[in-house]
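User: I'd like to go through this one and ask where the labels come from. Can you set each value against its cut-off for me?

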Amino acid sequence: MSEQIRLNICKNGNQKDVKVIIFKLNQGWDELLKMGSNKLRIKAKYILNEHGDELSKDNLKNGTISQSTLLIFSVSNEFLGTKKEKEDKTSKIVGITDQQKITLEENQKLNDCVVRVISKESYIEDEAIKQLNFTSNLPFMRYSVGLPDLHPGKGFPIGSANASEVTIYPHLVGTDIGCGMGLYKTSLKSRKVKLVESWFEVLHGLESGWDGDYKAFLESRNVAGTDFDATSLGTIGGGNHFAELQIIESIKDEEIAKQMGLDQDHLYLLVHSGSRGYGEEVLQRFLDKHGIKGVAEGSEEAAQYLKDHNHALDWAKCNRTLIAHRFLSQITGVPLDPTLNRSLETDVTSDGSQRILDVWHNSVMPVDFYFEEDGTPIDRAIETEPQDDVKASKLSRTKKRYWLHRKGAAPTTEGPIVIPGSRGHFSYLVLPAKDEAHQQFSAFSLAHGAGRKWNRSKALQSGKGLSKKETDFTSTDLGSRVICENKDLLLEEMPAAYKEVDRIVSDLEEFGLIKTIAVFRPLITYKTRVVRYDK
């Protein structure tokens, strides 16, 4: 499937009169010249950029011409307007060396940012597109990809993956460093679904700090403590975070499901949470010192941020782990042993439930991106060839290591991931495409959920305008129960505020980026209690 992009165009002699065309990259250079000439009613022979540089078909290949690029069509190669000055982008990067400046400025000519939105059926707000384009213009950004769940964030989009050269942008990761999801195969048999109502009543306290030995819990997993351990470790938090007991609705790929140990005889637990207040402290510490700037790899500033960032990742994984232990201990009745499992990578709870996967959605990681011998990104092949026929040769490839910032985006490099719907909707366990061309097409990332359709204010206003009782929001169309005793949060997170998750999954399948393994039905979704209960 060819990537369709929106281009801003104008005449060389009248650069204030900007028009828009929709162009598919596989249509080629001659078709671009023809489309622009027809739209502007001139017989253009040249296309220039806003700096007065002459462009060519090579710029279609290397990503210089991408979403919302301004193209100036002309009958001659002489630039008639006022050339836009090329800013010194390196001045906005903390700790950059002279050699890094030279390297980045040289590479900038060859690798302008690839910008794409992976969506066919999913609704994408204009504001989210604007935020993605703004992000793509940060110094030395090489890829800015919006996934089907793309939606506006606080200045920068959620549901996006952004790769930069040499430069790390802490604000693109955001405050909830390490937010992600863990999936457990529980020890509970699926025939026990009849106990859902009793489990609904007994579950409590996951919004409050754990009264167990949290120091031993962290030490046994070799994770340093923080000032947030006593109040926040093992808690779900607000927003779209949850712990959800599930049952397999259907298995779509028996072979992969068997390899993962999945069966329909057991219940499953999906935990979505992050680093709570600790990740925010890490970001704020950086912002207080440097502001909203990038930081150069190899610098002392980058090393300090990455040290804190990586600690927050591990702490967030511990948080999800403890949430799962607390949740399952309450419904199985098996006491929680904080030091039972001494590994951060694997996890077995006291009742014998096993973690299947755990991935981060908010992080920055070094990732290799691949290019053909002529400098063309290998994912360009997907735009011009049938998806099943893409076979990029590895013999002539070169690679460049970029810093990949995921904000509300799941990795394609960690095996299967879960894409949950809003409460009361199915969740999808999917396997990312294995070939690197498809993975790079989506910046080695996938949608992390359904993505918001309404912001919280609109959802709250719309929910209060409905004539439903509060109990109508705690029981879903799929028959599941929702524990959420904060009325405002209950309305902010109502299903209507989110996109349709089946469309998100369909879009990813349409682009050849995933294969669905299994579909899960919710039974109990825990968000928050208000009243403190005694056991």
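Analyst: Sure, here is a short back-and-forth on the labels and the numbers behind them. Keep in mind that this is a predicted model.

User: Why is Gly333 called exposed?

Analyst: Exposed needs a relative accessible area over 50%. Gly333 has 58%, so the label fits. You'll find Gly333 in the loop between helix H11 (300–332) and strand S14 (354–360). From Gly333 to Asp351, 18 residues apart in sequence, the C-alpha to C-alpha distance is 8.4 Å.

User: And what makes Leu195 partly exposed?

Analyst: Buried stops under 20% and exposed starts over 50%. The relative accessible area of Leu195 is 33%, which lies in between, so partly exposed it is. Leu195 belongs to the loop between strand S10 (180–189) and helix H6 (196–202). Its C-alpha is separated by 52 Å from that of Met141, and the two are 54 residues apart along the chain.

User: How do you know that the radius of gyration agrees with a compact globule?

Analyst: For 535 residues, the globule rule gives a value near 24 Å; the protein chain comes out at 25 Å, so the two agree. As for the box, the C-alpha atoms fill roughly 80 × 50 × 45 Å along the principal axes. Of the 535 residues, 58% count as buried. The secondary structure comes to 15 helices and 22 strands.

User: What makes a set of residues a nonpolar core?

Analyst: The members have to be buried residues of the nonpolar kinds, joined through side-chain atoms within 4.5 Å. The largest one here has 49 residues, and Phe369, Leu404, Ile419 and Leu513 have the most contacts inside it. There is also a second, separate core of 25 residues, with Ile168, Val223, Leu306 and Leu322 among them. In soluble globular proteins, nonpolar side chains tend to be buried together.

User: Which residues does Phe369 touch?

Analyst: Leaving out residues up to four places away in sequence, its partners include Tyr143, Ala163, Leu404 and Phe444. Lys399, Lys400 and Gln440 are also among them.

User: What share of the contacts joins residues at least 24 apart?

Analyst: That's 79%, counted among contacts between residues at least 6 apart in sequence.

User: And the surface and the charges: what are the numbers there?

Analyst: The protein chain exposes about 23,400 Å², and carbon and sulfur atoms supply 46% of that. There are 71 positive and 76 negative charges, and their mean positions are 3 Å apart.

How values were computed: Residues are numbered from 1 along each chain as its sequence is written. This is a predicted model: local features need pLDDT of at least 70, side-chain atom pairs count only at pLDDT 80 or more; totals for chains, interfaces and linings use all residues. Side-chain values use heavy atoms; hydrogens and water are left out. Buried means under 20% relative accessible area, exposed over 50%, partly exposed in between (1.4 Å probe, protein chains only). Contact means heavy atoms within 4.5 Å. Helices (H or I, at least four residues) and strands (E, at least two) are DSSP runs, numbered from the N terminus. The radius of gyration is taken over C-alpha atoms; the globule rule is 2.2 Å times the number of residues to the power 0.38. Accessible areas come from the Shrake-Rupley method with a 1.4 Å probe; for residues, only the protein chains shown count as cover. Lys and Arg count as positive and Asp and Glu as negative; His and the chain ends are not counted. The place of a charge is taken as NZ of Lys, CZ of Arg, CG of Asp or CD of Glu.
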